[in-house]
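Here's a quick tour for anyone meeting this structure from scratch. Take a look at it first, then read on.

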Amino acid sequence: MKTKPVLELTDIKAIAAAAEAEAHKNHWAVTIAIVDDGGHALWLQRLDGAPAISAQIATAKAHTAALGRRESKAYEDVINQGRTSFLSAPTLQGMLEGGVPIFKDGQCLGAVGVSGVKSPEDAQIAKAGIAALGL
């Protein structure tokens, strides 16, 4: 039987705190979502001033990154390069930059999704959160 690492509550809190700090440092009102490797919600934090829809978008970006085992931007790029039929992919709704998977020893542990500012800035916040794990 194989074993794999999993995110624990202390990991999730560290990711969330670092992502929140990055957002505050830049005065960005965003929502931060963290999911496990199956795309199931572990954390959702909407900062003051973040639009309500950002909660749904951040969660969808995280879900897509976790299930696809790649940044959600990869799907956005495929679509922008003309493969619009990819929009019909089942269960993938967050096909915008800002969802970043979390890997340890080649295993996907989950993902962070951020929404509320420009997509590259969303990804910057997600990556800052993940960096707190020191993986």
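## Before we start

A residue is called buried when its relative accessible area is under 20%, and exposed when that area is over 50%. Keep in mind that what you're looking at is a predicted model.

## Glu-76 in helix α3

Let's try that cut-off on Glu-76, which sits in helix α3, residues 73–80. Its relative accessibility is 19%, so Glu-76 counts as buried.

What does Glu-76 touch, once neighbours within four places in sequence are set aside? The contacts are Met-95, Leu-96 and Glu-97. As for Gly-49, 27 residues separate it from Glu-76 in sequence, and their C-alpha atoms are 26 Å apart in space.

## Helix α1, end to end

Now over to helix α1, which runs through residues 9–25. With 17 residues at 1.5 Å a residue, α1 should span 24 Å, and the C-alpha atoms at its ends are indeed 24 Å apart, so the two agree. Just after α1 comes His-27, with a positive phi near 60 degrees.

## The two sides of α1

Which residues of α1 are buried? They are Ile-12, Ile-15, Ala-16, Ala-19, Glu-22 and Ala-23. These residues take up an arc of only 125 degrees around the axis, which means they lie on the same side of α1. An α-helix has 3.6 residues a turn, so residues three or four places apart point the same way.

Flip to the other side of α1 and you'll find Thr-10 and Lys-25 exposed. Back on the buried side, the cover over those residues includes the strands β1 (31–36), β2 (41–46), β3 (99–104) and β4 (107–115), along with helix α4 (119–131).

Terms used. Residues are numbered from 1 along each chain as its sequence is written. This is a predicted model: local features need pLDDT of at least 70, side-chain atom pairs count only at pLDDT 80 or more; totals for chains, interfaces and linings use all residues. Side-chain values use heavy atoms; hydrogens and water are left out. Helices (H or I, at least four residues) and strands (E, at least two) are DSSP runs, numbered from the N terminus. The expected span of a helix is 1.5 Å times one less than its number of residues. Buried means under 20% relative accessible area, exposed over 50%, partly exposed in between (1.4 Å probe, protein chains only). The arc is that of the directions from the helix axis to the C-beta atoms. Contact means heavy atoms within 4.5 Å.
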